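User: Hi, I have a protein model open and I'm not sure how to start reading it. Could you go through it with me?

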Amino acid sequence: MSSRVRRALVGITAAVIAFLGLGQPASAHGFSSVVYVHITGGDGGRVRTVLELEYDLFVVSAADAEHDDPLFRAGTAAFEAEDARAQAAALESHADSAVTYVTERFSVGADGKACTPSRAGDVTVGRRQGVPYASLPLEWACPAKDGDREVRSTLFPDSEGYVRGTRTIATYDLTGLSGSAALDAGHPSFSISQSWYERFWEFFRLGAEHLLTGVDHVLFLLALIAGSRRLREIVLAATGFTLAHSVTFLLAALGLVEAPERIVEPVIALSIAVVAGWHLLRLRRHDDVATLANPAEQGPLGLDRAGWLRLGVVFCFGLVHGLGFAGALGIDEPWSWTLLWSLLVFNVGIEAVQLGIIVLVFPLLALLRHRAPRAGMWATGALCAGVAAMGSVWFVQRVLEG
C-alpha cells in the first residue's frame, strides 16, 4: 500500500475519532440529573405526586429562579455539612420558593385543563445514587374528577446552565392504570392513558439515544469491531458484552448492586483503551497481515487462547458498562413488573443501536480486509490508535475529577 493511501486512511480515521471525541467532557454523558415522580390518586378525585429532586441542584435552581439568596446560603451550608435534617429545614423555611420553582416547571392536567397544585406534606431528604434527594409531596385539584391525566415536566432545563439532558422518570398508579414513562426536553409530557406501545417507544428511544450520545460506549464498540477478524468473533464479543452489561444493568437499576460513579466512569474509559490497545498489540505480530483475510480456525468456536482471553476481558468490562447504563437511567426502585418492563425496553433500545453499528461497520472492514489485507490492517490500526488515545485521555481526566 502506498504511503499516500496509508496517510489518507490514518487521516480519515483520525477525523472520525476527533468528530466523536472533540469537545466531549471527561464523562461522555456530561453532567445530568434525574427527577423521579410517583403519581397516585388522592381524595375527591385529586392527583397526588411525590417529586424527588437532586438536593443541591434543586437549591441552586430554585434560589436563582426565585431570587432567594437566603435559600442558597442556608441550603448550601446544609449540603456541605451533609446534614439531612438541616437540608430539609432549609427547603421548609423557603417553601414558597421551592414549590413555585417546581410548579412552574411541572404540571398535571385533566382533559387539556390545568390542575391546581397545593402542598401535601413536609419536604424530606433522603439519598439516591449516593447523593441527597429532596422529596416534595403535592396534590393537584383537577377541573374534572374523571378523564385522562397529562403530566408535563421541564424541570432543570439546559437553559439554566447547571446540568444538561435532565430526565424525569415517572411511575403511576391512577384511575385503574399503572405504568412508567420517561420524559426529557424533546418529549416533556405524557398521558396516563397512553398505550403500551407508546410507553415501549419512550424507553426504547431513551436507551437508543443513550448509546448514540454516550461516545465512550460507541468507541468501545468500534474497538470490538476493529479487533474482530471474522463474523463469528464479533458475534461472540457482542453477545458476551450484551450478556454482561444486561446482568449488571438490571441488578444495579433494581438497587441490588451499587458502585460509585467515580469508580465506574474511569473503568469504562480504561476499557476503551485496553480493548483498542489489545488489537494494536496483535497487529505487531509479523504474520497478522497474512491472516487478516483468512484467519485460521483454532480451538472451540474458532477462538484460540488469545481469543478466549479477549472474550473474557470484554465480558468483565461489559459488567462495568452495565453499571454505567443503569446510572444513566437512574432507577433504583424496589422490584416491580412495571419497572422490569421499562428496564428491559431501555436495554432493547441500547442493543438495537449496538446491532445497527455492527451491521454498518463490520461488513465494510471485512470487505477491506479481504480485498486488501494490508490496507485493512492500517485502517483498523488507525481506528484503534485513535480510540485508545481517547480512552486514555478520558481515564486520566475521570481519575483526576474523582
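Analyst: We can go from the whole chain to a few residue pairs, and please keep in mind that this is a predicted model.

User: Okay, how many helices and strands does the chain have?

Analyst: The protein chain has 13 helices and 11 strands. Of its 402 residues, buried ones make up 50%.

User: And what about contacts between residues far apart in sequence?

Analyst: If you take the contacts in the protein chain with a separation of 6 or more, 76% of them are between residues 24 or more positions apart.

User: What does the outside look like, in terms of area and atoms?

Analyst: The chain exposes about 18,600 Å², and carbon and sulfur atoms supply 62% of that area. There is also a nonpolar surface patch of about 320 Å², which is made by V247, L251, L256 and V257. Of these residues, V247 lies in helix α8, which covers residues 231-253, and V247 counts as partly exposed because its relative accessible area is 44%.

User: Switching topic, how many disulfides are there?

Analyst: The count comes to one disulfide. In general terms, a disulfide is a covalent bond between the sulfur atoms of two cysteines. Here the two partners are C115 and C142, with their sulfur atoms 2.1 Å apart.

User: Where do C115 and C142 lie?

Analyst: C115 lies in the loop between β4 (113-114) and β5 (116-119), while C142 lies in the loop between β7 (131-141) and β8 (149-153), so the pair ties together parts that are 27 residues apart in sequence.

User: Is that disulfide right-handed or left-handed, and why?

Analyst: The disulfide is right-handed, because the torsion about the S-S bond of C115 and C142 is about 105 degrees.

User: Are C115 and C142 buried or exposed?

Analyst: C115 counts as buried at 6% relative accessibility, and C142 counts as buried at 14%, since the cut-off for buried is under 20% relative accessible area.

User: What about C316 and C384, how accessible are they?

Analyst: C316 counts as partly exposed, with 49% relative accessibility, whereas C384 is buried, with a relative accessible area of 0%.

User: Let's move to charges. How many salt bridges does the structure hold?

Analyst: The structure holds nine salt bridges. As background, side chains of opposite charge can pair when their charged atoms come close. One of the bridges here is between the side chains of D69 and R73, at 2.2 Å from N to O. D69 and R73 both lie in helix α3 (residues 69-81), and they are four residues apart, which is about one turn of the helix. D69 is partly exposed, with a relative accessible area of 41%.

User: Which salt bridge does E92 make, and what does that pair tie together?

Analyst: The side chain of E92 meets that of R119 in a salt bridge, at 2.6 Å from N to O. E92 lies in helix α4 (residues 84-92) and R119 in strand β5, so this pair ties together parts that are 27 residues apart in sequence. E92 is partly exposed, with a relative accessible area of 26%, and R119 also counts as partly exposed, at 34% relative accessibility.

User: And where does D216 come in?

Analyst: D216 forms a salt bridge with R398, and their closest N and O atoms are 3.2 Å apart. Because D216 lies in helix α7 and R398 in helix α13 (residues 373-401), the pair ties together parts that are 182 residues apart in sequence. D216 is buried, and R398 is buried as well. Elsewhere, salt bridges that share partners join E104, R105 and E160 into one network.

User: Back to α7 for a second, what is V218 in contact with?

Analyst: V218 lies in helix α7, which covers residues 215-226, and V218 is buried, with a relative accessible area of 11%. If we leave aside its neighbours within four places in sequence, V218 is in contact with L211, L212 and I357. The C-alpha atoms of V218 and V387 are separated by 9.9 Å, although these two residues are 169 residues apart along the chain.

User: L211 is in α6, right? How long is α6, and which of its residues are buried?

Analyst: Helix α6 (residues 196-213) has 18 residues and reaches 26 Å from its first C-alpha to its last, which is close to the 26 Å expected at 1.5 Å a residue. L211 is among the buried residues of α6, which also include R199, E202, F203 and H210.

Methods. Residues numbered from 1 in each chain as written. Predicted model: local features only at pLDDT ≥ 70, side-chain atom pairs only at ≥ 80, totals over all residues. Heavy atoms only, no water. Helix = DSSP H or I, 4+ residues; strand = E, 2+ residues; numbered from the N terminus. Expected span 1.5 Å × (residues − 1). Buried < 20%, exposed > 50% of the residue type's maximum accessible area, 1.4 Å probe, protein only. Contact = heavy atoms within 4.5 Å. Areas by Shrake-Rupley, 256 points an atom, 1.4 Å probe, with all protein chains shown as cover. Disulfide = S-S within 2.5 Å. Patch = residues over 30% accessible without salt bridge, like charges linked within 9 Å, V, L, I, M, F, W, Y side chains within 5 Å. Salt bridge = Lys/Arg side-chain N within 4 Å of Asp/Glu carboxyl O.
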